[in-house]
Amino acid sequence: MPNGYVTVHVLDSARGTNGDGLGLRLYRFEEGEWLPIKTVVTNDGGRLDEPLLSEEEYRPGLYELVFEAAPYFEHHDIARADPPYIAEIPLRLNFSDPDAHYHVPLALSPWGFTTFRGG
């Protein structure tokens, strides 16, 4: 049984705060199609109340995380283009190590974003 798990942290560089209330959809690629796994929303700290994938849920594979940026910017009344320049942020990531903690930080603004493998 793998002991890996996945966590997320969102930072809002437009407001200089944690990215609270940002929706996230998670999919796993299996047998040639993207299967929806879960939909979650970040808490006041810009994190999730539990891992995105717990040790029990985790298994190595190709995943897609979709950060729902446009509704987040609208909810927080953040100045943006109309229509929004960044509507969604899809990330396709290979979680390959069965025992790793994969941490996915995201810093976003209406005009750009950055992510990397955190620790």
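Phe67 has Ile89 as its bridge partner in strand β6, a contact that belongs to a predicted model. Strand β5, which covers residues 61–68, runs antiparallel to β6 and is joined to it by seven bridges. The points below first place this strand pair in its sheet and then turn to the salt bridges, several of which involve residues of the sheet strands or of the loops beside them.

**The sheet**

- Four strands form an open sheet in the order β4-β3-β5-β6, and their pairing is antiparallel.
- The edges of this sheet are formed by β4 (33–41) and β6 (89–95), each of which pairs on one side only.
- On average, and with direction ignored, neighbouring strands of the sheet are turned by 25° against each other.
- As a general point, the strands of a sheet pair through backbone hydrogen bonds, in either a parallel or an antiparallel manner.

**Salt bridges of Arg25**

- Side chains of opposite charge can pair when their charged atoms come close, and the count for this model comes to eight salt bridges.
- The side chain of Arg25 meets that of Glu68 in a salt bridge, with a distance of 2.8 Å from N to O; because Arg25 lies in strand β3 (residues 23–30) and Glu68 in strand β5, this pair ties together parts that are 43 residues apart in sequence.
- Arg25 also forms a salt bridge with Glu88, and here the closest N and O atoms are 3.1 Å apart; since Glu88 lies in the loop between α1 (69–75) and β6, while Arg25 lies in strand β3, the pair ties together parts that are 63 residues apart in sequence.
- Glu88 has a relative accessibility of 42% and therefore counts as partly exposed, given that the partly exposed class lies between the limits of under 20% for buried and over 50% for exposed.

**The Arg59–Glu30 pair and a network**

- Arg59 and Glu30 form a salt bridge in which the closest N and O atoms are 2.0 Å apart, and this pair links distant parts of the chain, with Arg59 in the loop between β4 and β5 and Glu30 in strand β3, 29 residues apart.
- Both partners are partly exposed by the limits already given: Arg59 has a relative accessibility of 36%, and Glu30 has a relative accessible area of 22%.
- Asp12, Arg15 and Asp20 are joined into one network by salt bridges that share partners.

Note on methods
Residues numbered from 1 in each chain as written. Predicted model: local features only at pLDDT ≥ 70, side-chain atom pairs only at ≥ 80, totals over all residues. Heavy atoms only, no water. Pairing = 2+ DSSP bridges. Helix = DSSP H or I, 4+ residues; strand = E, 2+ residues; numbered from the N terminus. Axes fitted to C-alpha atoms, helices over the stretch in contact; angles between N-to-C directions. Salt bridge = Lys/Arg side-chain N within 4 Å of Asp/Glu carboxyl O. Buried < 20%, exposed > 50% of the residue type's maximum accessible area, 1.4 Å probe, protein only.
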